[in-house]
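Q: I'd like to learn how to read a model like this one, feature by feature. Can you walk me through it?

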Amino acid sequence: MPTPPPTPPDDAPEDLPPLRVRTARLPADHPAASAPLTDLLPDPSGTAAWLGARVRMVGWDEALRLEVQGRHAIRSAARAWGQARRRALVEVEDAAGGPAPGPAAPIALGSFGFAEATPGMLVVPSVLVVEDDSGRSVITAASGARPEAPLEALERAAGRRAAQPVEAPRGLWTQTGRMTQTQWMESVRRLIARLRGGAASKVVMSRDMVVSAARPVDQRHLLSRLHELYPTTWAYAVDGLIGATPEMLASMSGARVSSRVLAGTAGPGEGQSLMASLKDRTEHMLAVESVARALAPIAETLEVPEHPSVLDLPNVSHLATEVTATLGTSDVLDVVAALHPTAAVCGTPTALALDLLETFESTRRGRYSGPVGWVDASGQGEFGIALRCGQVSGDGRSVRVYAGGGIMPDSVPEVELAETRAKMEPVLQALGVAQA
Ligand SMILES: C=C(O[C@@H]1C=C(C(=O)O)C=C[C@H]1O)C(=O)O
């Protein structure tokens, strides 16, 4: 299906046709009701997905795309989505059982750049299958015209899928990214010297590498492998950015928001050494403070646990703190705009860290370490931080893999490099390729 041209959000309002939406609950005896969600995706590319504990969704084709960029990108996305969702015309098919619980149609998936200059987007898929603990529903959407009936759209997708079955990538090779590992450690060493001189408290330095493939990588394979291997994370796919993040920026439900802050990393099962490490506890505290500070002006209540806990993952362990708040707003995008970038992915103080990144980090982050997630018709939603991910190129023949770590005055470059290698592992493992 053709992709509609991007809509400039600031002129999005009245003269554009409203989004039309149809939504139907998937009957329990429908074949698509029990298949793994990722098995419903029809094409090797164009995958849109969010797979987490609260809600899971997969989508394809595009009914609406709102592109944003610049200083207030996330705020303009919030405004444009506010207009689009309020004007949307929603038909609930088979409303006998009442409106479906969980997220309300229409739903957009979103992904924003780490840097202001990087374009970000909200996308409403033409077909979206949504699952929460109460069951599955199918939402179809179109701009202007009446969308296809939800169950018919599923059937058509099954035909496309049969013609293009999921394939594991073959013939992969790895290449260095913008810096070799040695160059990166040298840059970290110079940054540490600056931090010791008082230039900032913490800076999160990232690096990248490239996995190339003889034939286009099937996005469905990458997504479903990440979800299988890292089932306690949030697996996501938006516009070719595919990953499995353990870090929640903002999960909004009613006026309550929760944010899982991560900072401080060690090998799997080594959480106790993190709890005992002054360097990691300090690094973690800076990240928690940055979230608490961003939420305070918009919070009616704010709860920040005194001590972190340990999050254990197959590839690493992290110090983790769950910050919760009750807010005056109920729009997750407003909260995301207030929070990004946190010290977990940027540093402390933010402005000084950004300046030091200009000098020492050559990675073009794109949407890696930016917010990624979904927002529904009432502004509820979840946005994680796009970590443990790769950006699939337009032709599918390469995946740029990213990872970073918080650098402190007492960091050791070799240890930081090992940490980024461990953080690249999920995508490499899902693709089936060894570390360089
Ligand atoms: C920057 C990344 O991870 C972030 C940095 C961490 C750290 O420095 O200890 C831990 C978790 C994330 O907040 C990444 O995964 O690329």
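A: Let's begin with a definition: a residue is near a molecule or strand if its C-beta atom, placed from the backbone, lies within 6 Å of it. Some ground rules, too. This is a predicted model, so local features need pLDDT of at least 70 and side-chain atom pairs count only at pLDDT 80 or more, while totals for chains, interfaces and linings use all residues. Residues are numbered from 1 along each chain as its sequence is written.

Q: Which residues come nearest to the ligand?

A: There are 18 residues around the ligand, and those that come nearest are Thr265, Ala344, Leu387, Gly404 and Gly406.

Q: Which strands each supply at least two residues of that shell?

A: Helices (H or I, at least four residues) and strands (E, at least two) are DSSP runs, numbered from the N terminus. Here β9 (202-213), β13 (256-266) and β21 (398-407) each give the shell at least two residues.

Q: And what is the shell like by class?

A: For the classes, Ala, Val, Leu, Ile, Met, Phe, Trp, Tyr, Cys and Pro count as nonpolar, Asp, Glu, Lys and Arg as charged, and the others, Gly among them, as polar. The shell around the ligand then splits into 7 nonpolar, 8 polar and 3 charged residues.

Q: Let's zoom out. How many helices and strands does the protein chain have?

A: The protein chain has 9 helices and 21 strands. Its C-alpha atoms fill a box of roughly 65 × 55 × 40 Å along the principal axes.

Q: Why would one expect a radius of gyration near 22 Å?

A: The radius is taken over C-alpha atoms, and the globule rule is 2.2 Å times the number of residues to the power 0.38. For a compact globule of 436 residues that comes to near 22 Å, and the protein chain agrees, with 21 Å.

Q: What share of the residues is buried?

A: Call a residue buried if 20 or more other C-beta atoms lie within 10 Å of its own, exposed if 12 or fewer, and partly exposed in between, with C-beta atoms placed from the backbone. By that count, 53% of the 436 residues in the protein chain are buried.

Q: How do I check a helix, say α3?

A: The expected span is 1.5 Å times one less than the number of residues. Helix α3 (residues 181-196) has 16 residues and should span 22 Å, and its end C-alpha atoms are indeed 22 Å apart.

Q: Which residues of α3 are buried?

A: First, the general idea: an α-helix has 3.6 residues a turn, so residues three or four places apart point the same way. In α3 the buried residues are Trp184, Val188, Leu191, Ile192 and Leu195. Seen down the axis, they fall within an arc of 105 degrees, so they line one face of α3; the arc is that of the directions from the helix axis to the C-beta atoms. Thr182 and Ala193, on the other side of α3, are exposed.

Q: What covers the buried residues of α3?

A: Two residues are in contact if their C-beta atoms, placed from the backbone, lie within 7 Å. The cover over the buried residues of α3 includes β9, α8 (350-360), β21 and α9 (413-431). Just after α3, Gly198 takes a positive phi of about 95 degrees.

Q: Which residues are buried in α2?

A: In α2 they are Pro150, Ala153, Leu154 and Ala157. They cover an arc of only 100 degrees around the axis, which puts them on the same side of α2. They pack against β1 (19-25), along with β3 (56-68), β6 (120-132) and β7 (135-143). On the other side of α2, the exposed residues include Glu152 and Glu155.

Q: Where are the cis peptide bonds joining Ala105 to Pro106 and His340 to Pro341?

A: Omega is about 0 degrees for the bond between Ala105 and Pro106, and Pro106 lies in the loop between β4 (89-92) and β5 (108-111). From His340 to Pro341, omega is near -5 degrees, and Pro341 sits in the loop between α7 (332-339) and β17 (347-348).

Q: Is Asp61 buried or exposed?

A: Asp61, in strand β3, is buried, with 24 other C-beta atoms within 10 Å. Asp61 also has a positive phi of about 55 degrees, although it is not a glycine.
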